[in-house]
Amino acid sequence: MSQPRLTTASGIPVADNQNSLSAGPRGPLLLQDFHLIEKLQHFNRERIPERVVHAKGSGAYGSFTVTHDISGLTTAKLFSHIGKQTPVFLRFSTVGGEKGSADTERDPRGFALRFYTEEGNWDLVGNNTPIFFIKDPINFPDFIHTQKRDPQTNLKSANMMFDFWSHAPESLHQVTILFSNRGTPDGYRHMDGFGSHAYSLIDEQGQRVYVKWHFKTRQGIRNLSAADATRIAGLDPDYAQRDLFNAIATQDFPQWDVKVQVASAAELDAWSARTGWNPFDLTKVWPHGDFPLQPVGVLELNRNPENYHAEVEQAAFSPANVVPGLGYSPDKMLQGRLFGYHDAQLYRVGTNHQHLPVNAPRCPFHNHQRDGAMAIASGGAARNYQRLDSVGAGATGMGHGERELALDGNAGRFDFRGQEDDYTQAGDLFRLMTPQERQDLCDNLAGPLSQVDEDILQRQLGHFDRADPAYGRGVRASLKPLGRNVD
């Protein structure tokens with residue numbers, strides 16, 4: 001297969017890509033060698049800033065197919081009828097590591113899914129866990145700093161991590177998941193995905209129900225032991241990327257069953273009154289016994305990107321992207337992400353990142369945004385403003401037609417820490433584990449805990465004790481062989 005003729009970025013043919021233009025055979029180079037200058041300039045700028053979190057990821061295209069009718073709950077057209085298909089793009093990722101980190105590190109996994117609907121893009125940006133470490137976005141930068149490198153040593157620090165977690169009992173539920181075998185999934189195909197936050201569905205009458213999205217792997221859950229995860233990190237740090245790409249390349253297309261938990265505001269109020277838990281607290285799950293999973297459809301990944309940088313590295317998601325018939329919830333972490341994700345992409349990729357093919361909607365779109373770097377779809381000669389006499393014509397409710405959301409209470413900063421139950425769900429998870437899973441959890445925790453200061457260790461052990469006394473005893477037993485006698 002013949003290669004296309006080499007040109008500059010402006011399409012000008014390149015006569016010689018091997019030899020720079022010089023004054024004589026040995027003499028200094030000439031500034032007028034534009035091809036040389038352009039080539040070096042672009043090379044110097046080949047890297048956009050990596051994501052602060054979710055820096056290393058893998059992505060693929062596919063489809064979502066409706067298998068069960070939920071059109072009575074939402075006007076969103078992608079759920080309009082059984083058999084309806086919507087193209088998707090899914091980016092998996094590790095969370096805390098840098099772009100060159102190993103795929104098998106102990107870490108949550110990102111599960112960021114874009115639906116290219118006829119009404120615009122819907123981005124469901126979640127993780128492989130149904131919960132998170134914190135419940136208020138004001139704590140997020142501090143938390144992430146503890147997962148990164150110590151500013152003095154430039155090393156990862158167990159002391160920083162557990163100093164933060166031990167002062168935040170709300171983190172215990174997610175810490176229990178992270179240090180279980182689910183903290184090291186065997187690639188991306190063998191793990192579930194979750195929207196994690198509560199979101200909304202809005203029907204034709206503007207009625208709202210709250211939902212949580214679940215993606216259950218059809219490949220079966222498969223995790224790596226701590227020893228295998230460490231071994232593979234040295235042998236093949238791109239293990240999950242390789243596994244996903246090769247599976248799709250050989251037409252072994254991974255699939256997930258898409259399911260949803262549904263609850264009205266009244267049902268959540270009653271549940272909260274009974275349990276004491278805030279249904280919009282991201283550190284808590286909605287138990288399946290209270291809110292059963294309902295099937296919705298099937299997600300399949302069946303096409304690899306052609307260019308990793310253009311389609312995976314530049315993929316820019318935001319949970320603020322919802323289409324008519326979908327909406328948000330009062331979840332404080334979600335509310336913070338509605339701002340934070342889009343703002344991060346404006347900085348990282350650029351003002352017009354939504355013009356890039358992987359980010360652009362596949363339906364007609366028009367807005368009044370103009371100019372800025374890399375503006376390739378800025379409306380042409382169409383008017384770039386809206387007359388005041390047309391503002392609000394036909395508009396109702398909150399923009400997509402759903403009814404106004406009632407708010408109440410006084411504005412203020414409310415601290416419920418120490419007044420809420422942060423232990424029962426973590427203990428329930430521990431009690432669901434098999435004896436071997438409990439032992440693995442305690443052993444996995446003991447490694448980093450053996451390195452932390454004594455006051456941090458004692459504070460964290462106290463959280464394990466309150467979740468379940470056997471949890472605390474197990475971690476203490478695992479610490480003894482590592483030289484930390486904590487009887």
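Student: Which span should the 14 residues of helix H12 cover, and how far apart are its end C-alpha atoms?

Tutor: Keep in mind that this is a predicted model. Helix H12 takes in residues 454–467, and at 1.5 Å a residue its expected span works out at 20 Å. That agrees with the separation of its end C-alpha atoms, which is also given as 20 Å.

Student: How are the buried residues of H12 placed when you look down its axis?

Tutor: The buried set is Ile456, Leu457, Gln460, Leu461, His463, Phe464 and Ala467. Seen down the axis, these residues fall within an arc of 150 degrees, so they line one face of the helix.

Student: Which helices do those buried residues of H12 pack against?

Tutor: Take the buried face made up of residues such as Leu461 and Phe464. Its packing partners are helices H3 (158–166), H4 (172–178), H10 (424–432), H11 (435–449) and H13 (469–479).

Student: H3 is in that list. What covers the buried residues of H3?

Tutor: Start with the buried residues of H3 themselves: Ala158, Met161, Phe162, Phe164, Trp165 and Ser166. H12 packs against H3 through its own buried residues, and H12 turns up again in the cover over H3. The cover includes H2, H4, H11 and H12.

Student: On to the pockets. Which helix gives the largest share of the lining of the largest pocket?

Tutor: This pocket has a volume of about 1,300 Å³, and among its 31 lining residues the closest to the centre are Asn278, Pro330, Lys332, Phe414 and Phe416. Helix H7 (265–275) and helix H9 (332–348) each supply at least two lining residues. The largest share, 4 residues, comes from H7.

Student: How many charged residues are in that lining?

Tutor: Sort the lining of the largest pocket by class and you get 13 nonpolar and 7 polar residues. The charged class has 11.

Student: And which element gives the largest share of the lining of the second largest pocket?

Tutor: Here the volume is about 860 Å³, with 37 residues in the lining. Strands E2 (85–94), E3 (109–117) and E4 (120–127), along with helix H2 (140–147) and H9, each put in at least two of them. The largest share, 11 residues, belongs to H9.

Student: How many nonpolar residues line the second largest pocket?

Tutor: Those nearest its centre are Val53, His54, Phe140, Tyr341 and Ala344. Over the lining, 11 residues are polar and 6 are charged. The nonpolar count is 20.

Student: What is unusual about the phi of His54, and is His54 buried or exposed?

Tutor: Most residues other than glycine have a negative phi. His54, in the loop between helix H1 (34–44) and strand E1 (57–66), has a positive phi near 60 degrees. Its relative accessibility is 14%, and the cut-off for buried is under 20%, so His54 counts as buried.

Student: Where is Ser196, and what is its phi?

Tutor: Ser196 sits in the loop between strand E5 (193–194) and strand E6 (199–202). At 7% relative accessibility it counts as buried. Although Ser196 is not a glycine, its phi is positive, at about 70 degrees.

Student: What separates the C-alpha atoms of Asn246 and Asn304?

Tutor: Asn246 is in helix H6 (residues 239–249) and, at 40% relative accessibility, counts as partly exposed. Along the chain, Asn246 and Asn304 are 58 residues apart. Their C-alpha atoms are separated by 9.2 Å.

Note on methods:
Residues numbered from 1 in each chain as written. Predicted model: local features only at pLDDT ≥ 70, side-chain atom pairs only at ≥ 80, totals over all residues. Heavy atoms only, no water. Expected span 1.5 Å × (residues − 1). Buried < 20%, exposed > 50% of the residue type's maximum accessible area, 1.4 Å probe, protein only. Arc of directions from axis to C-beta. Contact = heavy atoms within 4.5 Å. 1 Å grid on protein atoms, 1.4 Å probe; cavity = no way out; pocket = protein on both sides within 12 Å on 5 of 7 lines; lining within 4 Å. Points joined across faces, edges and corners; volume = space filled by probe spheres on them. Nonpolar A, V, L, I, M, F, W, Y, C, P; charged D, E, K, R; others polar.
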